[in-house]
Amino acid sequence: MEKEIKKSVGIVVEYNPFHNGHRYHLKKAKTVGDIVIGVISGDYVQRGEPSIINRWERARMALKEGVDIVCELPCFYSCQSAELFARGSIGILSFLGVESILFGSESDRLEELKKIVDMTKEKKFQEEIKKQMEMGVSYPNAFNNTLKEFFDDLEINSNDILGIEYLKAIEYYGDNIEALTLKREGGGYYSEIGEDKIISATGIRKAIFKGEEVKEYIPKLSYEILKEEIEKDKITNISKFYPLIRYAILEKKETLINIQDVETGFEKRLYEMAMKYDNYSEFFTNLLTKRYTIGRTQRILIHILLNITKEDTKYLKENIPYVRIMGFSQKGKEYLKQYLKENKEKLGDIEILTSFKNIQKKLNEKQLKFLELNERASIIYKIINNYEENKIPIIVE
């Protein structure tokens, strides 16, 4: 008689880097399911930046802190709008059989977020957002403005927008995944932290680049990994990538319009600013417009660098090309072994990769194309911030 598959809960994380707020999130996830499966952004994150330390060290943080299975969210999902980021994340978790997903929410009003999901399907809602964006309003502001017309006194921020997209993605995949929210607080992270000192990952990164000590904000095991990377000068930010980005813009002059998120007219602005400025700060400051948020503009730069096109993204919105396992605990390994044995039909032609052995036989041409895109993206990352590649998953006892 087969053992019963343990209940699993999914979390979508970046751990850029792992901090005390993340530990609280993980602790709560463990009260929801026996197995915690984390989808972690690869070498590029949703804000449109290279991660401060590489994907394998952040995966190691996740495993040492107690995540049971860590799988990679490839660059073609991790560095996208909230919709595509959520579509990729939930798709991967769905293929790994999670029964629930726990995500942070400033409002912590799940039923209200579900009502908003229903509202966003209405033609009138979509037309109003489109109208505002045509007037030069950024998507987040257009979304908020439109919501206020349908809901009184409702303010939605970036994490609630992401939560809405998680709910939409769950509907898209048709799975009976239970969505659960965890209250986030403004300056810190989640509520009920206790004595832990909390600042955001953004605040921690800023402190690191200033050379300030961040030990009090990061759990011991993760801090040891981070400290070693800092001492080896293995931390990075987007400005260090500017020579590569600048070259990519100049080299792609005729095809910039094909890059994901580049709208007509912006390709000319990109080229002009790259021609004019050899300093990243000056380039970026002069590139920004009211229509494009900082995050969207940075994502465009990463899309250019990695050659992520509109055609690619159209395919990826509807297809998960593969799932890559970066590491697991012994408990996670047992779950994965049993789950794969019992769910071949659900997985179809989706491969759960633990290595690249015989990869040409495992993946079809399209799937292989996107695996190669993601691995090439990490090679580009290593030009600026080199690291040792893992050939097999990290195993934590």
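In this predicted model, the side chain of Arg-324 makes a polar contact with the side chain of Glu-375, at 3.4 Å. Arg-324 is a good place to start a tour, and its home is strand β8. With a relative accessible area of 5%, Arg-324 counts as buried, because the cut-off for that label is under 20%. Setting aside residues up to four places away in sequence, Arg-324 touches Arg-55, Trp-56, Val-70, Cys-71, Glu-72, Leu-353, Phe-356, Glu-375 and Asn-390. By contrast, Arg-269 sits 37 Å away from Arg-324, C-alpha to C-alpha, with the two positions 55 residues apart in sequence numbering.

Among the residues touched by Arg-324 are Val-70, Cys-71 and Glu-72, and this leads to strand β5, which covers residues 69-73. Five of the five residues of β5 are buried. Strand β8 (residues 323-329) pairs with β5 in the antiparallel sense, over three bridges, and here Ile-69 stands opposite Phe-328. Strand β5 also pairs with strand β2 (residues 35-41); these two run parallel and are joined by five bridges. In that pairing, Val-70 of β5 faces Gly-38 as its opposite number.

From β2, the path continues to strand β1. Six bridges join β1 to β2, and the two strands run parallel; Val-12 has Val-39 in β2 as its bridge partner. Together with helix α1 (residues 20-32), β1 and β2 make a right-handed β-α-β unit. Strand β1 has a further parallel neighbour in strand β6 (residues 100-105), to which it is joined by two bridges, with Gly-10 standing opposite Ile-101.

How many residues of strand β1 (residues 8-13) are buried? Six of the six are, so the strand is largely enclosed by the rest of the structure. In a regular strand, side chains alternate between the two faces of the sheet. In β1, Ser-8, Gly-10 and Val-12 lie on one side, while Val-9, Ile-11 and Val-13 lie on the other, and both groups are buried.

A helix completes the picture. Helix α4 spans residues 82-95, a run of 14 residues, and reaches 20 Å from its first C-alpha to its last. That reach is close to the 20 Å expected at 1.5 Å a residue. Like β5, which is mostly covered, α4 is mostly covered too, with 13 of its 14 residues buried. Just after the helix, Gly-97 takes a positive phi of about 80°.

Technical notes:
Residues are numbered from 1 along each chain as its sequence is written. This is a predicted model: local features need pLDDT of at least 70, side-chain atom pairs count only at pLDDT 80 or more; totals for chains, interfaces and linings use all residues. Side-chain values use heavy atoms; hydrogens and water are left out. Helices (H or I, at least four residues) and strands (E, at least two) are DSSP runs, numbered from the N terminus. The expected span of a helix is 1.5 Å times one less than its number of residues. Buried means under 20% relative accessible area, exposed over 50%, partly exposed in between (1.4 Å probe, protein chains only). Two strands pair if DSSP finds at least two bridges between them. A crossover is right-handed if, with the strands pointing away from the viewer, the path from the first strand over the helix to the second runs clockwise. Contact means heavy atoms within 4.5 Å. A polar contact is a pair of N or O atoms within 3.5 Å; within protein, one must be able to donate a hydrogen and the other to accept it, and residues adjacent in sequence count only if both atoms are side-chain atoms.
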